[in-house]
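Welcome! Take a look at the sequence and the model below, then work through the exercises at your own pace.

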Amino acid sequence: MEAIEKIKEVAAQAVAGAQIEIVNSTPAAQQPAILVDREHVYAVAKFFKEDPRFQMDFCSCVTGVDYLAKGDKPGFIEVVYHLYSVAQKQGPIVLKVRAPRELDECHVPSLTPLWRGCEFQEREAYDLYGVKFDGHPDLRRILMWDEFTDHPMRKDYEPPADYEWEPTPHDDTLQRAVQEGGIMPPTAREELEKAKKK
Amino acid sequence: MIQPLTEDKRVTLTPGSEGLIETQTLEVSIGPQHPSTHGVFRMDCVLDGETVVALKPVMGYLHRNHEQLAERMAWLGSMPYTDRLDYFNSMTNNWAYALAVEKLAGIKVPEHAEYVRVIMSELTRILNHSCVIGFMLQDLGAWGTPLLYAFREREKILDLFEAVSGSRMMCNYMRFGGVRVDMTEKDLAVAREIVARFPRFLDEFEKLLTTNEVLLARTQRIGILPKELAVNASISGPMARASGVEYDIRKIDNYGVYGRFDFRVPIGDVGDVYDRYYIRVLEMRESIRILQQALRDIPSGPHVAPEVKLRNFKIPPGDGYGRVEAPKGELGFYLVSDEGGKQPYRYHVRPPSFINLTTLEDMCLGHKVADVVIILGSIDIVLGEVDR
């Protein structure tokens, strides 16, 4: 594999207008990444896949990372792709793309049309981080249940006190259930009756 | 998406029979409590008669947000949790995580420890592959017998794991820069005996299975995965190699001391269920070769790098990705460290069996529902890893 500066240069030549930066890994890991803007990430990824010098035909790992706002720097969600080449046995090229943290603006283009292997992994990133992948053929929750409303891997996520129904509600949960008049399992009704009698 | 059954999905059977018999497709949900799904895994199938016309995997029943747990504790704290990912192969899980952290922190592992890691991982691979074949035969309807043959051998290896690490399955054995406790001479002797006796078991196992007519009839030309799709869908491990993808991370990355051993990477040509069975048999034979060389050449020395601190272990800010060839495929850890460096800011597992499920539908379409069970069995999934 060529040096990261060379890769950046080649990609910038191939995809006109792409804003590409180099992001360093830990000093020891030696895996610098290429950060591309959202508009051009699909074209850059396609270039890496099809160019005979790289032939990145294997998209190994896809994940999201949540960075909170620090001082006056706004927070962002970063999607990281690790690309390898099976044909030429080289890699990785680490491809990163950033999107704002606000849920309605958190969109990046999906790379599933290029690599089928992204299908489930992008669904997972959507489920846990709320990144919407434009162009994904089947973007649904994959690990959490469909009725779940939040994205639990975000750093500012706070779990609700009773997001799952307790089999035998007691104390605060029981009180709240009574006040809200929600559905109750029969055991809970018995408990409630007992509590009232006391 | 599977269409809800309320929609009119009537189709006619054969041309010419229009109006005689009206049929419709049937939606069947296999799992999550079905024994053939190897855990709490569900498949939403649409069947036309017995033929699968659509299939969507549904997972998440065992989801416990492993990644978030790890982001809330020190680096070493999540090592025991990695055992619970693929609970058949805790040794390779440990190694994958240790390798990623060593990569980020720049830790060099002593040679003796590398050999111990290789021995433990290859024993794990043998254990996993023999059990997977047993489970696959179970899915075919050979109740118990092949699986118990495999479990008999597995027990010998688990006894060794228990003697060395203190636990049969949840080994929690590797540490950053080495392993937790060293293998004694006695342990090495036990390992040598296991390695010496295993080929005999494998010969017997193969004699019963490899040319068995029922096995051939049920597995050949079933669930074919083309090579191009396997690469494009990020399929890794024995499943990719059965489809003819020549890719073994032990050879590509040469992590640990794998560069020193002489072993071959078996490749399939059809990519059907039978190839996935036979690749695993051949891989066990290669693992035996690696083990023989490792047990012969193991040098003496420290079992853990002395400069690695257990307490107050820190990693400079940045990220990195480390991966190993686990028995099920490429197991990778993507880790991010931030300013404090005491715990992972981001901890992501790249689980092989989760990603290998991507092509389940492609392999099952057009086959009978009974074949879906063996196709799933041949992927070799563990739900602890799929759902994390």
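**Exercise 1: A salt bridge in chain B**

Arg218(B) has a relative accessibility of 25%, so it counts as partly exposed (buried is under 20% relative accessible area, exposed over 50%, partly exposed in between, with a 1.4 Å probe and protein chains only). Before going on, note that this is a predicted model, in which local features need pLDDT of at least 70 and side-chain atom pairs count only at pLDDT 80 or more, while totals for chains, interfaces and linings use all residues. Residues are numbered from 1 along each chain as its sequence is written, chains are lettered from A and ligands numbered from 1 in the order in which they are written, and side-chain values use heavy atoms, leaving out hydrogens and water.

Task: find which side chain meets Arg218(B) in a salt bridge, and say where the two residues lie.

Step 1. The partner is Asp371(B), at 3.9 Å from N to O. A salt bridge is a side-chain nitrogen of Lys or Arg within 4 Å of a carboxyl oxygen of Asp or Glu.

Step 2. This pair links distant parts of the chain, 153 residues apart: Asp371(B) is in helix H14 and Arg218(B) in helix H7 (residues 213-219) of chain B. Helices (H or I, at least four residues) and strands (E, at least two) are DSSP runs, numbered from the N terminus.

Step 3. With a relative accessible area of 11%, Asp371(B) is buried.

**Exercise 2: Helix H14**

Task: decide whether helix H14 (residues 369-379) of chain B is largely enclosed or not.

Step 1. Nine of its 11 residues are buried, so the helix is largely enclosed by the rest of the structure.

Step 2. Among the buried residues of H14(B) are Asp371(B), Val372(B) and Ile379(B).

Step 3. Asp380(B) follows H14(B) and has a positive phi, near 70°.

**Exercise 3: Chain B as a whole**

Task: describe how chain B is built and how compact it is.

Step 1. Its secondary structure comes to 15 helices and 10 strands.

Step 2. The radius of gyration of chain B is 22 Å, close to the 21 Å from the globule rule for 388 residues, so chain B is as compact as a globular protein of that length. Here the radius is taken over C-alpha atoms, and the rule is 2.2 Å times the number of residues to the power 0.38.

Step 3. Of the 388 residues in chain B, 61% are buried.

**Exercise 4: Where the chains meet**

Task: characterise the interface between chain B and chain A.

Step 1. In contact (heavy atoms within 4.5 Å) are 50 residues of chain B and 46 residues of chain A.

Step 2. About 3900 Å² is buried between chain B and chain A, and carbon and sulfur atoms give 55% of that. Buried area is the accessible area (1.4 Å probe) that two parts lose on being put together, summed over both.

Step 3. In chain B, Asn232(B), Tyr321(B) and Tyr345(B) lose the most area to chain A, together 15% of what that side buries.

Step 4. Five salt bridges are counted between the two chains. Glu339(B) forms a salt bridge with Lys70(A), where the closest N and O atoms are 3.3 Å apart.

Step 5. Strand E8 (residues 318-326) of chain B gives the largest share of the side of chain B that touches chain A, five residues.
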